[in-house]
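The following exercises are to be worked through with the sequence and the model at hand. Each task is followed by a solution in steps.

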Amino acid sequence: MNRIDEHELQAYVDGELAPEDRARVAAAVVADPALRQRIEREQRLRAQLRGAFDPVLEEPVPARLAALLQVPHASAGTMTGHRDPAAATADNVVALTPRAARSKRPMWHAPTYALAASLAVLAASLWLRADTATVQMQQGGLVARGALAEGLDRALASAPSPGANVTVGLSFRDASGGICRSFVQHGDAPLT
């Protein structure tokens, strides 16, 4: 038997399911007394809500609110440039660019940004996988390689070597017990 999730149950109670889904849920309700109780509880809740709030829907709109919807005829169209009073808006409403005018604007920004992001990811992956890279991905983390790895393995934070490309800052153990070191690369000398 198919399990009925909460979303589907709510849609069933609200009468918003397609006929074939409604029939499937109705069959599940007949076979499952606990599901039937849940649906009855939801139906009672909806009846209470309708009893409390449906009368409000029948009330007339108060005059002060209805007045806000009225367009003054003397200033009709002055803010938006419309000449037709039926299409005019109130003075405090800003006219927006019609959808047709917006669709004529060039839409090259999104594809350009997507292409730039793709190229950046490609360049980063090539840089991380290159044989001459100073770091590479291993087990979800960056690991030093080449001259950088050598500098981090041999250099002391307390006694930096003069003219070295790498100066070690702080050494510490991570949560898994591995040794980590912060470092600074000096100058433009490559670390490969």
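## Exercise 1: The first helix

In helix H1 (residues 6-14), the buried residues are Glu8, Leu9, Gln10, Ala11, Tyr12 and Val13. The model under study is a predicted one.

Task. Determine which helices the buried residues of H1 pack against, and describe the residue that follows H1.

Solution.
1. Apply the cut-off: a residue is buried when its relative accessible area is under 20%.
2. Trace the contacts of the buried residues of H1; these residues pack against helix H2 (19-31) and helix H3 (33-58).
3. Proceed to the end of the helix, where Gly15 follows H1 with a positive phi, near 75°.

## Exercise 2: The chain as a whole

Task. State the order of the elements in the protein chain and the share of its residues that count as buried.

Solution.
1. Count the elements: the protein chain has seven helices and four strands.
2. Read them from the N terminus, which gives α-α-α-α-α-α-β-β-α-β-β.
3. Turn to burial: 16% of the 192 residues count as buried.
4. Consider the surface: about 15,000 Å² is exposed, and carbon and sulfur atoms supply 59% of it.
5. Take the contacts between residues at least 6 apart in sequence; 29% of these join residues at least 24 apart.

## Exercise 3: The hairpin and Phe172

Task. Establish in which sense strands E3 and E4 pair, and decide whether Phe172 is buried, partly exposed or exposed.

Solution.
1. Locate the strands: E3 covers residues 166-173 and E4 covers residues 179-185, and six bridges join them in the antiparallel sense.
2. Check the register at one position: Thr167 lies opposite Val184 in E4.
3. Inspect the connection: five residues separate E3 and E4 in this hairpin, and Gly177 in the turn has a positive phi of about 95°.
4. Place Phe172, which belongs to strand E3.
5. Classify Phe172: its relative accessible area is 40%, so Phe172 is partly exposed.
6. List its contacts: leaving aside residues up to four places away in sequence, Phe172 touches Gly178, Ile179 and Cys180.
7. Compare positions: 8.8 Å separates the C-alpha atoms of Phe172 and Ser182, which are 10 residues apart along the chain.

## Exercise 4: The largest pocket

Task. Identify the elements that give two or more residues to the lining of the largest pocket.

Solution.
1. Note the volume: the largest pocket holds about 300 Å³ of space.
2. Of its 12 lining residues, Val143, Ala144, Leu152, Ile179 and Arg181 are the closest to the centre.
3. Assign the lining to elements: strand E2 (141-144), helix H7 (146-154) and E4 each give two or more residues.
4. Sort the lining by class, which yields 10 nonpolar, no polar and two charged residues.

Note on methods: Residues are numbered from 1 along each chain as its sequence is written. This is a predicted model: local features need pLDDT of at least 70, side-chain atom pairs count only at pLDDT 80 or more; totals for chains, interfaces and linings use all residues. Side-chain values use heavy atoms; hydrogens and water are left out. Two strands pair if DSSP finds at least two bridges between them. Buried means under 20% relative accessible area, exposed over 50%, partly exposed in between (1.4 Å probe, protein chains only). Contact means heavy atoms within 4.5 Å. Accessible areas come from the Shrake-Rupley method with a 1.4 Å probe; for residues, only the protein chains shown count as cover. On a 1 Å grid over the protein atoms alone, a cavity is a set of points where a 1.4 Å probe fits but cannot get out, and a pocket is an open set with protein on both sides within 12 Å along at least five of seven lines; lining residues have an atom within 4 Å of a point. Grid points are joined across faces, edges and corners, and a volume is the space filled by probe spheres set on the points. Ala, Val, Leu, Ile, Met, Phe, Trp, Tyr, Cys and Pro count as nonpolar, Asp, Glu, Lys and Arg as charged, and the others, Gly among them, as polar.
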